[in-house]
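Dear colleague,

Please find below the structure that I am handing over to you. My findings follow directly after it.

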Amino acid sequence: MEANKCGHKWIVSLTQQEEEGDLDCALIQAVSDLLKVNNFAIYINKHFSAPIPPTLINPKNGLKDVNSIQIQHLLNKATPNKVIVSHAYAHTTSYIPVYHLDDVTGVLIIETEHALKEQTCMMALHILNIYANQLWLLHKSRLDPLTELLNRQTFDKKVMEIVSGDGFLVPREGACKNRGWFLAIVDIDLFKNVNDNFGHVVGDKVIAKIAKLLKSNFRVEDYVFRYGGEEFAILFQASTQADAYNALDRLRANVAKYPFAQVEQLTISIGFLELQNIDTVSSLVNQADLALYHSKKTGRNKVTACSELTLYEDELTTQ
């Protein structure tokens, strides 16, 4: 893509992207075309308001890696529209903020022999702002409006990214590399009684509150979805099945003891499995659903691992 004075081609390229990965590639290409150097690194917090360090989206660059503490320090000092420039060892380093509205969500770090022209810095700011706005629109399009959890369409994509190995290739800093991904399906027990006895307005409030409890019980980098109606899905990491079970059981206990307005008390049932093999989304969900059904059939307010179902079947055949 040839450089263009007003950045029109770059802006069109950014705003026509409908996938996050494609948007990242469009930004990297636009910055490369603008600067005509490869010594730049782009760090972005794709969770926006969530307090986690930004992620490096162009690992193949000519700069030394910057740790999360240093990046967070840069973001804390950054101001929208203000470029910070430093000079050392015959090199100039420019720090250009990525921001959405008034929140700085990332930074573009550039190393050059000479200071960048003001026009180049302003164009970079403009491109980064367009990118952040498009990223926000993609982010909002993935959310369920009632709960602000990720929606069903996003769930299908995330599951396939995990089982195919195409996504989540960069582990969290300091995270255990031996952790696996687990899928849990969560259902509110006897939710029909809530709608029948208290009405759909109260039912919606219950769903929204449980969504908040789900999010607060898992890490920011885990994924919580509204799967449909009163059913939710969680994609999360754990070192072992026992650790995954304990995390889900803590969630179950926290919901059971929460004092819901009017309804007072509710419980949830959960079924889960580890994502170990490539399979279709429907097959994986079906396996988690079988475990969920077992939780409900055996008393509700329970967590069941899919791997336990074989044990139960073996016990029944030997009786």
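K192 is exposed, because its relative accessibility is 60% and a value over 50% counts as exposed. Please keep in mind that this is a predicted model. The side chain of K192 forms a salt bridge with that of D196, with N and O 2.7 Å apart. The two residues lie four residues apart in helix α6, and therefore about one helical turn separates them.

The search of the whole structure gave 13 salt bridges, and two further pairs deserve a description here. In one of them, K46 is joined to D24, and the closest N and O atoms are 2.3 Å apart. K46 belongs to the loop between β1 (40–44) and β2 (55–56), whereas D24 belongs to helix α2, so this salt bridge ties together parts that are 22 residues apart in sequence. K46 and D24 are both buried. They also take part in a network of salt bridges that links E20, D24, K46 and R142.

In the other pair, the side chains of R226 and D144 meet at 3.5 Å, N to O. This salt bridge links distant parts of the chain, 82 residues apart: R226 is in strand β7 (residues 223–228), and D144 is in the loop between α4 (118–141) and α5 (152–164). R226 counts as buried because its relative accessibility is 16%, and the cut-off for buried is under 20%. D144 is buried as well, with a relative accessible area of 12%.

R226 is also one of the residues touched by E231, if residues up to four places away in sequence are not counted. The others on that list are I185, V186, D187, D289 and L292. E231 itself is located in strand β8 (residues 231–238). What is the nearest side chain of opposite charge to E231, and how far away is it? It is that of R152, at 7.0 Å; E231 is buried yet has no salt bridge.

Two residues stand out by their backbone angles. L190 has a positive phi of about 50 degrees, although it is not a glycine. Its place is the loop between β6 (180–188) and α6 (191–198), and with a relative accessible area of 46% L190 is partly exposed. Q262 is likewise not a glycine, and its phi is positive, at about 70 degrees. Q262 is found in the loop between α8 (241–256) and β9 (268–274), and its relative accessibility of 54% makes it exposed.

I also looked at how two helices pack. Helix α1 (residues 8–15) and helix α2 (residues 20–35) meet at an angle of about 170 degrees, and their axes are 9 Å apart. The two helices are therefore roughly antiparallel to each other, since angles over 145 degrees count as such. On the side of α1, the contact is made by W10, S13 and L14; on the side of α2, it is made by L23, A26, L27, A30, D33 and L34. Sorted by class, the residues of this contact are seven nonpolar, one polar and one charged.

Finally, some values for the chain as a whole. The chain has ten helices and ten strands, and its C-alpha trace spans about 80 × 45 × 30 Å along the principal axes. Of its 319 residues, 48% are buried. Among contacts between residues at least 6 apart in sequence, 61% join residues at least 24 apart.

Yours sincerely

Notes:
Residues numbered from 1 in each chain as written. Heavy atoms only, no water. Axes fitted to C-alpha atoms, helices over the stretch in contact; angles between N-to-C directions. Parallel < 35°, antiparallel > 145°, perpendicular 65-115°, else oblique. Contact = heavy atoms within 4.5 Å. Nonpolar A, V, L, I, M, F, W, Y, C, P; charged D, E, K, R; others polar. Buried < 20%, exposed > 50% of the residue type's maximum accessible area, 1.4 Å probe, protein only. Lys, Arg positive; Asp, Glu negative; His and termini not counted. Salt bridge = Lys/Arg side-chain N within 4 Å of Asp/Glu carboxyl O.
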